[in-house]
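Please take a moment with the sequence and the coordinates before reading on. The paragraphs below are meant to be followed with the model open beside them.

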Amino acid sequence: MARFELILPKMGESVAEATIIKWVKNIGDTIEADETILEIATDKVDSEVPSPVSGKLLEKLVKEDDVAAVGSVIAILETDMEAELPISTQQNSPKIEVETKIEDVPGLETVTANEEPKSETTSADKKFYSPLVKSIADSEGVSLMELDSIKGTGAEGRVNKQDILAYVESRNTEKTSKPIETITQEVPKPTPQKVVMPSAGDEIVEMDRMRKLIAEHMIMSKQTSAHVTSFVEADVTNLVMWRNKVKDAFEKKHGEKITFTPIFIEAIAKAIKDFPMINISVSGTNIIVKKDINIGMAAALPSGNLIVPVIKNADQMNLIGLTKSVNDLANRARANKLKPDDTQGGTYTITNVGTFGNVLGTPIINQPQVAVLAVGAIKKKPAVIETEYGDVIAIRHMMFLSHSYDHRVVDGALGGMFVRKVADYLEAFNINREF
């Protein structure tokens, strides 16, 4: 019999650690290859970890609710597979890299499992913080200077979830000697939430983990960016008529239902090429202009919460490719089958408020992006049409586009011209387009 080390797999470019939600298997249980052994959660999405081999669970090295680093050993399995080597002889097994790209988390350098993390201080050194730790620090108003002062208990002295939570608790009870001026130096401390006392007969519902993360992310976004929203109305009669005409033939030919979403994403990708300074992120006083155009689309989870899976390199896909990507991500979101990497690397986001019958919305920017577009419901309305014989009134399919952007780096002219350009592409849709 051989002993097999089960490691926490790589789950995305900017995912460095995950929380163990639940062990599906117990010590002594028999496990088949590809059978789920535990459930994990990152700051983006929940997922399952399957066993790569058949065998028996001998030891759990991480408890439920603990945080484990990507690439670390989380369990020991016993297997009779000849190809598997004992732990002591697994010298040449491939190493899993833990990689964090600066384009995903501003201010962080790439760190791999066999590199010594660098320290991010005010000096020339840089210190590595995982996305989970950074998220907690942002939501609790912990500045970078304070993070640097925390003594980490993780691998190679890294600050982990327990370290940052312990620091926050200590600071809130005034057990730390750091002056309050330092605490609020870089990140504004969130305003304490007023305690609301329930009345007789009220029902108290505890937020689930995803709802708490969404709440923290939304508050952080409003504290980070100066939100401004511009609106335009678009005549989308041509694309509505085209879709109605081809949807049955499209599905028969390609095996996919054609919705409006891939058409919207196509128009956004074209407009980003015209206005690349919408496709940016802010890191301190630097502007990072993104090379790739990765469009996130808000999708509903079974719980009713929203998640934003990302279509990578959307500008390089045709309408058929976009349709397949949109449908795949939407279906896996509804089935709770998204992988952590599916929600990473977005550079711009679209949300469809028209799904709920709304005609307008003022969306909140999905950090670290600087803009987000909301598309409203398509409604039939009387509209004035200019013709060579004069103006006429006709029934047209109209919709509103709402563009929220970060006014720190996107001026009103750019924000307004961008959403107008998206509308122009939609209005100019070719009703005789081949597919």
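What follows is a walk through this predicted model, from the chain as a whole to its cores, its helices and some details of its backbone.

The chain has 435 residues, of which 42% are buried, and its secondary structure comes to 9 helices and 21 strands. When contacts between residues at least 6 apart in sequence are considered, 64% of them join residues that are at least 24 apart. The accessible surface of the chain comes to about 22,800 Å², and carbon and sulfur atoms account for 51% of that area.

In soluble globular proteins, nonpolar side chains tend to be buried together. Here the largest nonpolar core has 56 residues, and those with the most contacts inside it are I268, I295, Y348, L401, F418, V422 and L426. The element that gives the most to this core is helix α7, residues 261–274, with 8 residues. V422 offers a way to look at the core from within: once its neighbours within four places in sequence are set aside, V422 is in contact with A267, I268, A271, L373 and L401. A second core, separate from the one just described, has 19 residues, and F4, V49, V53 and I74 are included in it.

I74 also appears in a pairing across the sequence, since the C-alpha atoms of I7 and I74 are separated by 5.5 Å although the two residues are 67 apart along the chain. I7 belongs to strand β1, and with a relative accessibility of 26% I7 counts as partly exposed. A16, by contrast, is buried, with a relative accessible area of 1%, and is placed in the loop between β1 (2–7) and β2 (17–23). The C-alpha atoms of A16 and A68 lie 8.8 Å from each other, with their positions 52 residues apart along the chain.

Two helices can be followed in more detail, beginning with α5, which runs over residues 209–224. This helix has 16 residues and reaches 23 Å from its first C-alpha to its last, close to the 22 Å expected at 1.5 Å a residue. At its N-terminal end, α5 is capped by D208, which places a side-chain oxygen 2.7 Å from the backbone nitrogen of R211. The buried residues in α5 are M210, L213, I214, M220 and S221. Why do these residues lie on the same side of α5? They do so because they cover an arc of only 135° around the axis. An α-helix has 3.6 residues a turn, so residues three or four places apart point the same way.

The other helix is α8, which also has 16 residues and reaches 22 Å between its first and last C-alpha atoms, close to the 22 Å expected at 1.5 Å a residue. At the start of α8, a side-chain oxygen of N318 comes within 3.2 Å of the backbone nitrogen of I320, while just after the helix N336 takes a positive phi of about 60°. The buried residues in α8 are L319, L322, T323, S325, V326, N327, L329, A330 and A333. The cover over them includes helices α6 and α7 together with the strands β14 (295–297), β15 (299–300), β16 (306–307) and β17.

Helix α6, residues 237–254, contains H254. Not counting residues up to four places away in sequence, H254 touches I320, K324 and F435. With F435 there is a polar approach as well, in which the backbone oxygen of F435 lies 3.0 Å from a polar atom of the H254 side chain.

Some details of the backbone remain. Most residues other than glycine have a negative phi, and most peptide bonds are trans. D34 has a phi near 70°, a positive value in a residue other than glycine; D34 lies in the loop between β3 (30–31) and β4 (36–41) and is exposed, with a relative accessible area of 65%. N313 also has a positive phi, near 50°, and is found in the loop between β17 (310–311) and α8 (319–334), where N313 is partly exposed at a relative accessible area of 26%. The peptide bond from Q367 to P368 is cis, with omega near 5°, and P368 is found in the loop between β18 (348–352) and β19 (371–375).

Notes:
Residues are numbered from 1 along each chain as its sequence is written. This is a predicted model: local features need pLDDT of at least 70, side-chain atom pairs count only at pLDDT 80 or more; totals for chains, interfaces and linings use all residues. Side-chain values use heavy atoms; hydrogens and water are left out. A nonpolar core is a set of buried Ala, Val, Leu, Ile, Met, Phe, Trp, Tyr and Cys residues joined through side-chain atoms within 4.5 Å. Buried means under 20% relative accessible area, exposed over 50%, partly exposed in between (1.4 Å probe, protein chains only). Helices (H or I, at least four residues) and strands (E, at least two) are DSSP runs, numbered from the N terminus. Contact means heavy atoms within 4.5 Å. The expected span of a helix is 1.5 Å times one less than its number of residues. The arc is that of the directions from the helix axis to the C-beta atoms. A polar contact is a pair of N or O atoms within 3.5 Å; within protein, one must be able to donate a hydrogen and the other to accept it, and residues adjacent in sequence count only if both atoms are side-chain atoms. Accessible areas come from the Shrake-Rupley method with a 1.4 Å probe; for residues, only the protein chains shown count as cover.
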